[in-house]
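Visitor: I would like to learn how to read a few features of a structure. Could we take them one at a time?

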Protein chains: 6
Amino acid sequence: MSELSHLDSDGRARMVDVGGKAVTHRTATASGRLVTRPDVIALVRADDLPKADVLATARIAGIAGAKRTSDLIPLCHQLPLSSVKVDFDFGEDSIGITVTARTTGQTGVEMEALTGVAIAGLTLHDMIKAVDPAAVLTDVRLDDKTGGKRGHWTREE
Amino acid sequence: MSELSHLDSDGRARMVDVGGKAVTHRTATASGRLVTRPDVIALVRADDLPKADVLATARIAGIAGAKRTSDLIPLCHQLPLSSVKVDFDFGEDSIGITVTARTTGQTGVEMEALTGVAIAGLTLHDMIKAVDPAAVLTDVRLDDKTGGKRGHWTREE
Amino acid sequence: MSELSHLDSDGRARMVDVGGKAVTHRTATASGRLVTRPDVIALVRADDLPKADVLATARIAGIAGAKRTSDLIPLCHQLPLSSVKVDFDFGEDSIGITVTARTTGQTGVEMEALTGVAIAGLTLHDMIKAVDPAAVLTDVRLDDKTGGKRGHWTREE
Amino acid sequence: MSELSHLDSDGRARMVDVGGKAVTHRTATASGRLVTRPDVIALVRADDLPKADVLATARIAGIAGAKRTSDLIPLCHQLPLSSVKVDFDFGEDSIGITVTARTTGQTGVEMEALTGVAIAGLTLHDMIKAVDPAAVLTDVRLDDKTGGKRGHWTREE
Amino acid sequence: MSELSHLDSDGRARMVDVGGKAVTHRTATASGRLVTRPDVIALVRADDLPKADVLATARIAGIAGAKRTSDLIPLCHQLPLSSVKVDFDFGEDSIGITVTARTTGQTGVEMEALTGVAIAGLTLHDMIKAVDPAAVLTDVRLDDKTGGKRGHWTREE
Amino acid sequence: MSELSHLDSDGRARMVDVGGKAVTHRTATASGRLVTRPDVIALVRADDLPKADVLATARIAGIAGAKRTSDLIPLCHQLPLSSVKVDFDFGEDSIGITVTARTTGQTGVEMEALTGVAIAGLTLHDMIKAVDPAAVLTDVRLDDKTGGKRGHWTREE
């Protein structure tokens, strides 16, 4: 079985050396859902109307969070993102969050996409917690990635 | 129904004024789980033995992330935390993450505990993603909080 | 004539000691304007309609910037803000920005309000610079402050 | 008329994809002025003499601020700057601030130069605010830029 | 012998709970030295004359670094500093650095003073490294602290 | 004698232009020691056993600190590190810290390695300060560097 690559042979954490890896275009898409109550969804959906900043606030937080990934996740490399996009969709009792990040670099942007989802989701959580402290951020996961030695990976349903 | 408190009457985002709220001791406990495969759990559990830095890395990231909450979540207030504790437990195919944050202040620390869980969980995700890109961070949620006008809240199972 | 308080008797920069000052409620309101062309104003005003995130993006950036003041302005004290509010209004060829910040602390929040205006204004600048690279951020200034030993100050017109 | 490039077709904010743009040398020069009173200018000019750290403090803040642009302006890309230079000049009742930033990258450094001007200007403001709370940071604007598809742009007087 | 207080009974890192400690005035003074060559000292001392920004740059970096301590040292509490002062003195082949930090809070500012010394020293190192890559930052240590349950502590020579 | 490269001809601080320098692989190794008492070393060495997070905490802080160098040292360029490694070794009364940083870029990573040593050392200091407030971080220095115009440099003993 493969070892955990972020540990050296003594089990000590390190930032893995990516200096010898090829510079390629890389993308990653991650998603998650904030599960709440239908009446809270109705409050947030008012944001589709010309009323409220809820989704815009979470979108900006997700973009800013994705850019700050290497500052938050200790063993992540610093990667300048060439684009970040945050989308939302509504279920009956949940808000879906999808983030796509891109770079041209020596390592992938999975963590940037995942961090964007988590921070956007927590920002939604923050804005609804007074009406629903029981909301749950769930299913934060990588959906698809391209670029790098391993090439295309997509989640099997 | 109550409105979303982070929006003014025009629906615009703002940092709510907490200047008139009482300074009280406040705690919040949040949890989540990183779901992966049993063989990956075995790799990480080796960290219980004197081998590896996996859990320590995630723990430090969670503590640092909790302290940076107001920098990540746009409408969160800056709260000096009086303590942060990050614990892990193992299921067959998942790692449980529990964070407890405390402060003495004018607003609660729910978001600090939740952010700690998310960042610790993403850090675990980062360390196992080479062996399991399909891992999922799930059930990130508030479990319990005390302090403030509303007093004790605990999740109903 | 009064000396510059941020310098010691040798002219060296320091963070002034506020440890002996009274803890009082303090507010500051600052404003500024981004001057551009009427056709660009029309593009941004579309944001009043249910269309675009321009003002929400600048508002969130202004709030986040105000919270990060002590990290940006070297001799500013770290002040937990109890509220921040960012408002916009439109002139024929300019967008007005007004930020109000509040705290309960030992020193004032003028710089927090001013930093909020500057970062919100630069964010607007960023979003319109492809259509108007000649836009100008101007009249960034304190309008009003309360609290502290000197009490109420308001700009004379 | 051109649309605002930072918005997608639904008006939602995003970090524009620059992954397909050419890597070129890019420069930007921006300027601004802090308007105060002649007696305050005299206090600050003492810094030309071997006395005070006023201008050095603002210079360092401007350089550090320029490097932090992508952390402050939500839709800005992360750009490693190859140089930053901050200059000051004195008028009768104002201090001029000029910042030149350079990079080799896929997008321009206008916002880095402008952010450097704003943070240097706010730092000056902070240092003189006890003697002149009415000071105004004004005329923060791009003067010149080179590199990229559009090539050289210079402000028309 | 006393245990390490930053570890729980299982040896796991945590942010110690200071919520029950008294709020007192606290100060800490730390110092260190950058050892280099006499000819480099001569270059830097030119900064005493109206020539150069070397010491001012290191001073501002030290102040900013002290304010960022809890963001750098994982188990440090967030403490708003009421003042920070950075002083330099010259030996034949070294530059002495002394930082005094103050707060009113529930835990001490030793780490803030020490971090200020280290960042100011590294900044000097950065500025002279082209002429003396062999310079050494040494003797970074706490000299004196007051406040808190243990009261006054001073280094025995 | 060579001038200080971080100053312009007027003695003003600037970020030196590295835009014309070659992009090469660069490494730097720096080291330092935290001097304490033998009984404290014994407490920390327990971390070699499956007991405590002391070294892991310092290691993560050192890696994160190295990545944040350009945010801490005002005139440092932003360099994406391709790897960072932090090692510890024990003497009778001191803990040795060694950090190796690598990049592919236009300027060296000496400051990144040195900052990693200083932050790891300060984190150890923080964890032992309750039992040994007199501990001293010493001998923080560059040991070796490769890459760039000057090529290989190694410390002469």
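Guide: We will go through a helix pair, the cysteines and the relation between two chains. Note that this is a predicted model.

Visitor: At what angle do helix H2 and helix H4 of chain E pack, and how far apart are their axes?

Guide: Two packed helices are described by the angle between their axes and by the distance between those axes. Here H2(E), residues 54–67, and H4(E), residues 110–128, pack at about 145°, with axes 7 Å apart. The crossing of H2(E) past H4(E) is right-handed.

Visitor: Which residues meet in H2(E) and H4(E)?

Guide: From H2(E) they include Ala58(E), Ala61(E), Gly62(E) and Gly65(E), and from H4(E) they include Gly116(E), Ile119(E), Ala120(E) and Thr123(E). By class, the contact has 9 nonpolar, 6 polar and 1 charged residues.

Visitor: How many disulfides does the structure hold?

Guide: A disulfide is a covalent bond between the sulfur atoms of two cysteines. Over all chains, the structure holds 0 disulfides. As for cysteine burial, Cys76(E) has a relative accessible area of 6% and is buried. Cys76(F) is also buried, at 6% relative accessibility.

Visitor: What turn and what shift lay chain D on chain C?

Guide: Two copies of a chain are related by a rotation about an axis and a shift along it. For chain D on chain C, the turn is 180° and the shift along the axis is 0.0 Å, with an RMSD of 0.0 Å. That is the relation of a two-fold axis. Among the contact residues of chain D, 100% recur in chain C, so the same surface serves both copies.

Visitor: Which residue of chain D comes closest to the rotation axis?

Guide: Thr138(D) does, with its C-alpha at 2.1 Å.

Key: Residues are numbered from 1 along each chain as its sequence is written. Chains are lettered from A and ligands numbered from 1 in the order in which they are written. This is a predicted model: local features need pLDDT of at least 70, side-chain atom pairs count only at pLDDT 80 or more; totals for chains, interfaces and linings use all residues. Side-chain values use heavy atoms; hydrogens and water are left out. Axes are lines fitted to C-alpha atoms, for helices over the stretch in contact, and angles run from 0 to 180 degrees between N-to-C directions. Helices (H or I, at least four residues) and strands (E, at least two) are DSSP runs, numbered from the N terminus. A crossing is left-handed if the near helix is turned anticlockwise from the far one by less than a right angle, and right-handed if clockwise. Contact means heavy atoms within 4.5 Å. Ala, Val, Leu, Ile, Met, Phe, Trp, Tyr, Cys and Pro count as nonpolar, Asp, Glu, Lys and Arg as charged, and the others, Gly among them, as polar. A disulfide is a pair of cysteine sulfur atoms within 2.5 Å. Buried means under 20% relative accessible area, exposed over 50%, partly exposed in between (1.4 Å probe, protein chains only). Copies are superposed by least squares on the C-alpha atoms of residues with pLDDT of at least 70 in both.
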